Amino acid sequence: MAEAPSLLSLLTLGCKHPVIGLEAQTGNLWGTNGVSLTNRATVEERAVPKRYRLKHHQLAAELAKKRHSQNRWADVLDVGRGHLSLLVNGKRPYPSEDTRKKLLLGLDVPFSTLFEIEDIPAPGSDRPRHLSWIPRAHPPGIAMPLESTFHEVRYAARSLAQRPLFSLIVIAMLALGIGGNSAMFSWMDGLLLRPLRVESPERWVSLGMRTASGFIASYSYPNYLDHVRLNDVFDEMHAYRITPASLSLGGENLRTTAAIVSGGYFRALGASAQLGRTFNESEDEVPGRDAVAVISHGFWQRQFAGDRDIVGREVLINAQPFTLIGVMADDFGFAKLEPNIDIWAPLAMQEIMRPGSGTVDSRGSGFLTVMARIRPGLELDQAAAQFNDMHTLLIEEYPEALEGTSISVRPATRAYLGDVGDALGVVFAVLMAVIGAVLLIACINVANLLLARGADRRREISVRVALGASRGRIVKQLLTESLLLSGAAALLGVLLASWINRLILSFQPPLPVPIKILVGIDGRALLFTTLVAVATGLVFGTVPALRAAGTNVVASLHGSGRVSSGNKLRNTLVVFQIAMSLALLIGAGLFVRSLQNANSIDPGFLSSGVVVASLDPALQGYSVDEARELYRQLMERTVRLPGVEAVALAEMLPMSLGTQQWGARIEGYEAGDTERMNLDYNFISPGYFNTMGINLVRGRPFTWDDTAAATGAVIINETMARRYWNDGDAIGGQLRSGGMDRFVVGIVADAKYYTLGEDPMPFMYFPYEQSNQTALALHVRANDSFDAVVDSIRLQVGELDAAMPIVDIRSLQGQMEVALLPARMIAGLLAVFGVFALFLAGVGLYGVMAYSVGQRTREIGIRMALGAGESTVLTMVIRGAAALLAVGATFGLLGGIGLGQAAQGVLYGVGSTDPIALAAAVGVIIATVLLAAWMPARRATRVNPVDALRSD
C-alpha cells in the first residue's frame with residue numbers, strides 16, 4: 001500500500017494546485033509543479049520526451065464529493081503510482097483495462113480525464129532530486145488518521161488469519177511467559193516485598209525481647225503491659241497470640257483457630273466491624289472479666305448462615321460462656337499470608353482461651369507477638385534507640401527477670417514470616433529466575449519465528465516497494481501485525497495469570513493451622529511482562545521491514561537477496577535458547593536428585609506405620625489433672641487394640657513448622673558472652689522412644705513415676721551431651737530449664753526435628769506430667785491399615801468423651817511431607833518449566849534449521865546432482881546444529897551451576913556440580929538438538945535435484 005503522507009498531500013491539491021507530479025530521470029524520482037515522469041534512459045530519447053500527467057485534483061474532488069475514505073485514496077494511489085512506474089521504464093504505453101477498472105471503481109469520472117500523454121521539452125537540469133511533498137491538509141468529510149489505522153488493523157488481522165498456526169504459536173508462547181511471570185511475581189511481591197495490608201506498612205515494626213546471646217524471644221504479658229505504659233515512641237502498639245479453641249454450638253463441639261488480642265488491636269489496624277462492634281480498651285483491663293468475642297466473616301457465614309441477629313448471642317468457647325459482639329469484614333487482616341482466624345477474644349481472657357498456661361503474672365513466659373507503628377518523623381534506628389532507653393527503666397525495676405535483655409525492633413515486612421520468610425525468599429528467587437528464563441526463551445522463539453517469517457516475506461515486501469509503497473508504510477504495516485500478536489498475547493496472559501493465581505490459592509498445604517492467602521495479580525508485574533512481550537514483537541517484527549529498506553528490490557524479486565545476516569541473528573538466538581534450556585534442566589535435575597537424597601536421609605526415627613492424633617482436653621473444660629487421667633485411659637485402651645505395637649504422647653510433632661525453646665543453665669558449663677543458651681525441647685510420655693524408634697544410648701527412659709511430685713528429669717540427645725559435657729557422659733548432670741532443676745536421666749540418639757537438611761542440634765525431652773501441658777498428640781504405631789487405625793482411635797476417644805474433638809489426625813509420613821513441601825514444589829515447577837523450555841528450544845532450533853535448509857535447497861540440489869549422498873547432506877546440516885549446540889551448552893552449564901549454587905539452601909546433599917544431574921541434562925539437550933536438526937536434514941535428502949535446481 002502507498003504511504004499515508006502522500007495521500008494527505010494529494011487531498012490538498014483540489015484547492016491549491018491543479019496537478020502534482022513525479023518526474024523520473026534514469027529511474028530517480030523528483031518533484032515538479034506538475035506530475036511528470038520522464039523516461040530518458042538514453043541521450044537520444046531526450047529529444048522527444050513525454051510527460052504522463054495524472055490529474056489528482058479531479059480525483060480529489062470526486063472522492064471528496066462521494067466521501068470516500070483514505071483507504072480508497074490508498075488503493076487509487078497504489079495503482080496509479082505502480083502504473084506510472086511502468087511507464088517510466090517503458091513497460092506499458094497506456095494503462096491496461098484492469099488498471100482502468102481499479103482506478104474508476106465507484107467513480108463517475110471518464111478515464112481519459114485522469115491521464116494525459118503529451119510531448120514536452122526536456123527538463124533543463126539533469127540533476128535528480130528527492131521527492132518533496134506539499135504541506136498536509138485534511139479536506140472536509142474524510143476521517144484520515146482513524147480510518148487509516150482501521151485499514152491497517154484490518155489488513156494485519158487478515159494477514160495473520162491467513163497463517164493461523166504461526167499466529168497461534170506466537171500468541172501462546174508470549175501468553176505463557178506473561179501469565180507465568182505475572183503470577184509468580186505477584187506472589188513474591190505479596191508475600192515478601194509488600195506483605196502487609198495496613199496503611200503505611202513501612203512504619204510498622206515487630207518487637208521482641210532479645211537475650212544476651214542474641215536470641216529474640218516473644219513478649220510476656222507483664223512486659224507488654226509495662227512497655228505500653230512507658231511507651232512514648234510508637235503511636236500504636238498491639239499484641240496477639242494465635243491459639244486453638246473449642247466452640248460449642250447446639251451440642252456440637254467445633255475445633256477453631258482463635259486469637260487473643262490487645263484492646264487496641266482493631267483500632268491499630270484501622271479496622272471496624274461489619275456488624276456490631278470491636279473491643280474497647282476497658283474490655284482488656286481486668287483478666288477474666290469481660291468474656292466477649294468477635295468472629296470472622298467467613299465463620300459467620302459457615303456456622304451461622306449470615307444471621308444478622310448474631311450480635312449479643314451467647315456461645316461456649318472452651319466450655320465458658322462468651323458474648324458475640326461483632327463480625328469483621330471479609331477482607332480484614334494484617335498481612336496477605338496469615339492464619340485463618342475465626343474468633344478474636346480480649347488478651348485479658350488468656351487463662352480461658354489458653355487453659356493451664358499460667359501466663360497472666362509470669363514475666364518469664366513469653367508467648368505474645370507484638371507489633372507497633374513508629375511515630376511520624378522517627379526513623380527505625382531512632383525509634384529502636386529511644387525504646388531501648390525506656391526499657392532500661394524496666395530492667396532497673398525487675399533486674400532478676402530482665403537483666404541482659406534488650407528490645408529488638410525489626411521491620412514488620414521482614415519479621416512477620418520469620419524463618420519461613422527466609423525459606424520463601426530462596427524459593428521465590430529460584431522460581432522467578434526460572435519463570436524469567438522461560439519468558440526470555442519464549443521471546444527468543446517468537447523473535448526467531450518473526451525473523452524467519454520476515455525473511456520469507458522479502459519477496460512480498462519487495463513487490464510492494466516496486467509498486468510504489470514507501471518504506472514507512474511497510475514498517476507501519478508490519479508494526480501493526482506485531483502489535484496485534486502482542487496485544488492478543490497480553491490479553492491471554494492476563495487470563496492465564498488469573499487462572500494460575502486461582503490454582504495456587506486452591507492449594508491448601510498440610511499445615512496444622514489453616515492459612516488465609518490474599519494475593520492477587522500484581523498490576524506492575526503484569527505491565528512489565530506485557531511490555532517485554534510487546535517489545536519483543538515490535539522489535540523483531542519490524543526488523544525484516546527495516547532490513548527490506550536496504551534490500552535490492554530487483555535482486556529480491558529474482559530471489560537472490562542475501563539473508564546471511566538474518567541467519568546469524570537467528571543462530572545467536574538459538575544459542576541463547578539452548579543455554580537457558582540446559583540451565584533449567586540442570587536445575588530440575590539437581591532438585592530431583594535432592595528429593596532422592598531427602599527420601600534416603602535417616603531422620604533418626606521410624607515414620608512408617610505411625611498415626612498421630614492431636615487433642616486438647618483443656619479446651620473442653622478439663623483441668624490439668626483430668627486431662628492427664630484422660631490421656632492415661634486413652635493410651636491403655638489404644639495399646640490393647642489389635643495390630644497396635646506401641647502408643648505414646650508428645651507435644652510437638654517432628655518436621656512441623658513451629659519451634660519451641662527454653663533457656664537452660666547447665667551446671668559446670670560456662671556459656672560465652674554471646675552464646676545462645678535457648679535450647680529446643682519437647683514434652684513426651686513414657687514409651688515415646690520405643691514408639692518412634694529412637695535409640696536410647698545410655699541411661700533410662702521416662703516412666704510413669706516421673707510425675708510433677710517427683711524430681712525433675714530430662715533426657716538429652718547425643719549432640720547436647722557432647723557439647724556441654726566434656727566427656728559426653730551427661731548422666732546425672734544437672735541443668736535448670738522451664739523453672740525447674742532437672743537431672744539428666746538418659747541420652748538418646750540424634751534425630752531430625754524440623755527439617756531433613758538441618759545440622760545436628762542440642763535437644764531436650766521432658767516428662768509431660770512435669771508440666772501443665774494438655775495439648776498433646778497421640779502416637780500410635782500399628783501394623784494395620786491407616787484407615788483402620790484412624791477409625792479405632794476415633795472410637796476410643798468417642799467412648800471416653802463423645803464431645804471431645806480430634807484436632808487433626810494423619811500419618812507421620814504425611815506430616816513429614818510438610819518439611820519436603822518447598823523442595824517438592826520447586827522440583828515440580830522446575831521440571832515443568834524445564835520441559836517447556838526444552839520444547840521451545842527444540843521448536844526454535846527446528847525452525848532455524850528448516851529455514852536454513854530451505855534457503856540452501858538449490859545448493860543441496862547441485863551437490864546431489866554432482867553425486868553427493870544422503871549421509872553427506874545429513875552431516876552438512878547436523879554439523880551446523882552441533883556448532884550451535886557446543887556454544888549454547890557451554891553457557892548453559894555455567895548457568896545451571898550458578899542456579900544450583902543459589903539454591904543450596906533448599907537442596908539436600910546435592911552440590912551444584914552433581915555429575916548425574918549435569919550428565920542427564922546435557923544428554924537430553926543433545927538428543928533434542930540433534931533430533932531438531934535431523935528432521936529437516938532428512939527431508940532435504942529427499943529433494944529431487946531437478947526440482948531443487950529450478951527453485952529460486
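A salt bridge is here a side-chain nitrogen of Lys or Arg within 4 Å of a carboxyl oxygen of Asp or Glu, and the structure, which is a predicted model, holds 19 such salt bridges.

**View 1. A salt bridge between R267 and E236 joins helix α9 to strand β7.** The side chains of R267 and E236 meet at 3.0 Å, taken from N to O. This pair links distant parts of the chain, since R267 belongs to helix α9 (residues 265-268) and E236 to strand β7 (residues 234-249), with the two positions 31 residues apart in the sequence. R267 has a relative accessible area of 48% and is therefore partly exposed, whereas E236, at 10% relative accessibility, counts as buried because the cut-off for that class is under 20%.

**View 2. E283 and R277 pair through their side chains.** The salt bridge between E283 and R277 has an N to O distance of 2.8 Å. On the acidic side of the pair, E283 is buried, with a relative accessible area of 8%, while on the basic side R277 is partly exposed, with a value of 37%.

**View 3. R810 and D808 form a further salt bridge.** The side chains of R810 and D808 come together at 2.8 Å, again given from N to O. In this pair the arginine, R810, counts as buried at 14% relative accessibility, and the aspartate, D808, is partly exposed with a relative accessible area of 24%.

**View 4. R203, D235 and R373 are connected by salt bridges.** Side chains of opposite charge can pair when their charged atoms come close. In this view the residues R203, D235 and R373 are linked in a network of salt bridges.

**View 5. Helices α8 and α12 cross obliquely.** Two packed helices are described by the angle between their axes and the distance between the axes. For helix α8 (residues 221-230) and helix α12 (residues 380-397), the axes come within 10 Å and cross at roughly 125°. That angle makes α8 oblique to α12, and the crossing in which α8 passes α12 is right-handed.

**View 6. Helices α27 and α28 pack in a roughly antiparallel arrangement.** The axes of α27 and helix α28 (residues 915-941) are 9 Å apart, and the two helices pack at an angle of about 155°. Because angles over 145 degrees count as roughly antiparallel, α27 and α28 are assigned to that class. The crossing of α27 and α28 is right-handed.

**View 7. V887, F891 and L894 make up a nonpolar surface patch.** Together, V887, F891 and L894 contribute about 310 Å² of accessible area to this patch on the surface. V887 lies in helix α27, which spans residues 870-902, and V887 is itself partly exposed, with a relative accessible area of 39%.

**View 8. M655, a buried loop residue, lies 5.5 Å from A819, C-alpha to C-alpha.** M655 is found in the loop between β19 (644-650) and β20 (661-666), and at 1% relative accessibility M655 counts as buried. Although M655 and A819 are 164 residues apart in sequence, their C-alpha atoms are 5.5 Å apart in space.

Conventions. Residues numbered from 1 in each chain as written. Predicted model: local features only at pLDDT ≥ 70, side-chain atom pairs only at ≥ 80, totals over all residues. Heavy atoms only, no water. Patch = residues over 30% accessible without salt bridge, like charges linked within 9 Å, V, L, I, M, F, W, Y side chains within 5 Å. Areas by Shrake-Rupley, 256 points an atom, 1.4 Å probe, with all protein chains shown as cover. Helix = DSSP H or I, 4+ residues; strand = E, 2+ residues; numbered from the N terminus. Buried < 20%, exposed > 50% of the residue type's maximum accessible area, 1.4 Å probe, protein only. Axes fitted to C-alpha atoms, helices over the stretch in contact; angles between N-to-C directions. Parallel < 35°, antiparallel > 145°, perpendicular 65-115°, else oblique. Left-handed = near helix turned anticlockwise from the far one by under 90°.
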